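Good morning, and thank you for the time. I should like to take you through one protein chain, beginning with its interior and ending with its annotated positions. Please keep the sequence and the structure in view as I speak.

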Amino acid sequence: MSKINTFFIFLFSLLLINVSCFHLPDFKPDYKEVLRLSLLFYESQSFTMAFTSTILAWGVKEYKDGYKEADQYKEVLEAIKWATDYFIKCHVSPNEFYGQVGDFPIDHMFWGRPEDMTMTRPAYKIDPNHPGSDLAGEGAAVFAATSLIFNDVNRTYAEELLRHSVELYNFAKTYRRFSCPDRPASCGWEQFRSPLPNPQILHGAVVSGPDQNDLYEDVREDFGYNEVTLYYNAGFQSAVAGLIQLQSDDL
Ligand SMILES: *[C@@H]1O[C@H](CO)[C@@H](O)[C@H](O)[C@H]1NC(C)=O
């Protein structure tokens with residue numbers, strides 16, 4: 001028996017113990033309804049995040065039949081296309097990608113309807129003079145993941161998405177951000193403050209990421225957002241090990 005089956009039997013036993021201890025009525029989750037409501041939730045949000053769309057597209061790629069069974073396949077494609085059409089507009093040229101509209105602290109001082117917002121709403125972009133490999137990389141990911149799911153329904157659109165993905169991937173790789181140049185070149189505060197892209201890229205570590213207000217700036221000077229540490233990476237690494245193990249268990 002594979003480990004994943006053992007794991008589910010373990011989970012199921014826990015559930016049975018739980019039910020028998022607390023005399024809960026029979027509980028039969030309605031996953032189709034959950035899926036429908038979850039999709040409605042996205043439709044009522046602005047749904048602009050590349051990460052969100054990447055994960056949703058990945059879910060469609062893996063569980064297309066689930067969406068079809070719940071009669072939500074067309075709906076999920078429409079919801080995702082809303083986001084990808086937006087990202088296409090943000091990617092105005094191969095090395096130019098808009099990542100955010102609005103200034104968080106100013107926006108967050110307002111509570112009301114989007115139509116009534118009259119404050120300054122600046123647009124921020126990355127380009128060769130202001131590189132951001134992480135944002136460009138996430139952009140490449142969302143275009144790649146969505147291209148895969150649109151391949152079945154609209155080849156033209158899938159190819160357009162793939163082109164954006166390749167361009168952003170090249171942008172992320174060409175204009176990297178990282179700190180010290182190779183020896184014997186010196187490395188100190190001058191390099192730290194240099195406006196040039198980082199000469200190296202570190203693979204395999206996660207940065208600490210956004211703060212409690214979901215603010216994140218890809219700048220070398222801010223260790224709070226951009227530092228890599230052993231303890232941040234421990235959870236990440238264990239999760240990756242888990243994925244590899246589950247993959248090798250003949251799912
Ligand atoms: C396929 O996508 C393209 C690009 O967005 C669009 O112009 C076209 O109408 C779509 N075709 C179909 C059959 O939906």
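Which residues of H7 are buried? Before I answer, please note that this is a predicted model. The buried residues of H7 are Ser133, Ala136, Gly139, Ala140, Val142, Phe143, Ala145, Thr146, Ser147, Ile149 and Phe150. The helix itself runs over residues 133–150. With 18 residues at 1.5 Å a residue, H7 should span 26 Å, and its end C-alpha atoms are 25 Å apart, which agrees.

What covers these buried residues of H7? The cover includes three helices, H3 (50–62), H5 (73–90) and H8 (155–174), together with strand S1 (97–101) and strand S2 (123–126).

Let me place this helix in the whole chain. The protein chain has 11 helices and two strands. Along the sequence, the pattern reads α-α-α-α-α-β-α-β-α-α-α-α-α. The chain has 251 residues, of which 25% count as buried. If we take contacts between residues at least 6 apart in sequence, 59% of them join residues at least 24 apart.

I turn now to the nonpolar core. In soluble globular proteins, nonpolar side chains tend to be buried together. In this model, the largest nonpolar core has 28 residues. Those with the most contacts inside this core are Val60, Ile80, Phe87, Phe143, Ile149, Phe150 and Leu168. The elements that contribute two or more residues to the core are H3, H5, H7 and H8. H5 gives the most, with eight residues.

Ile149 deserves a closer look. With which residues is Ile149 in contact, leaving aside its neighbours within four places in sequence? They are Ala57, Val60, Lys61, Leu77 and Ile80.

Helix H8 can be described in the same manner. Its 20 residues should span 28 Å at 1.5 Å a residue, and the end C-alpha atoms are 28 Å apart, which agrees. The buried residues of H8 are Tyr157, Ala158, Leu161, His164, Ser165, Glu167, Leu168, Phe171 and Ala172. What covers them includes H5, H7, S1 and S2. Please note that His164 and Glu167 are among the buried residues of H8. Tyr157, also buried in H8, has a charged partner: the charged end of Lys81 sits over the Tyr157 ring, 4.7 Å from its centre. A second arrangement of this kind involves Lys68, which lies over the face of Tyr73 at 4.8 Å from the ring centre.

Next, the aromatic rings. Ring pairs link Trp82, Tyr86, Phe87 and Phe143 into a cluster. Phe87 and Phe143 were also named among the residues with the most contacts inside the largest nonpolar core. The count of aromatic pairs comes to seven. Why is the pair of Trp189 and Phe192 edge-to-face? Planes over 60 degrees apart count as edge-to-face. The planes of Trp189 and Phe192 stand at 90 degrees, with the ring centres 5.1 Å apart, so this pair is edge-to-face. Both residues lie in helix H9 (residues 189–192), three residues apart, or about one turn of the helix. Trp189 is exposed, with a relative accessible area of 60%, whereas Phe192 is partly exposed, at 26%.

Tyr216 and Tyr225 form another edge-to-face pair, with 5.6 Å from centre to centre and 65 degrees between the planes. Is each partner of this pair buried or partly exposed? Tyr216 is partly exposed, with a relative accessible area of 29%. Tyr225, at 12% relative accessibility, counts as buried.

I come finally to the annotation. Which residues does UniProt list for "active site"? The entry, which is unreviewed, lists Asp218 and Glu227. Asp218 is found in the loop between H9 and helix H10 (223–226), and at 23% relative accessibility it counts as partly exposed. Glu227 is found in the loop between H10 and helix H11 (230–247). Its relative accessibility is 32%, and Glu227 therefore also counts as partly exposed.

One last position is Gly66, which lies in helix H4 (residues 64–69). Gly66 counts as partly exposed, at 36% relative accessibility. Its C-alpha atom is separated by 9.3 Å from that of Tyr31, although the two residues are 35 residues apart along the chain.

Thank you for your attention.

Note on methods
Residues numbered from 1 in each chain as written. Predicted model: local features only at pLDDT ≥ 70, side-chain atom pairs only at ≥ 80, totals over all residues. Heavy atoms only, no water. Phe/Tyr/Trp six-rings, centres within 6.5 Å; stacked < 30°, edge-to-face > 60°. Helix = DSSP H or I, 4+ residues; strand = E, 2+ residues; numbered from the N terminus. Buried < 20%, exposed > 50% of the residue type's maximum accessible area, 1.4 Å probe, protein only. Lys NZ or Arg CZ within 6 Å of the ring centre and 35° of its normal. Expected span 1.5 Å × (residues − 1). Contact = heavy atoms within 4.5 Å. UniProt positions renumbered as here; feature names shortened; annotations may be inferred. Core = buried A, V, L, I, M, F, W, Y, C linked by side-chain atoms within 4.5 Å.
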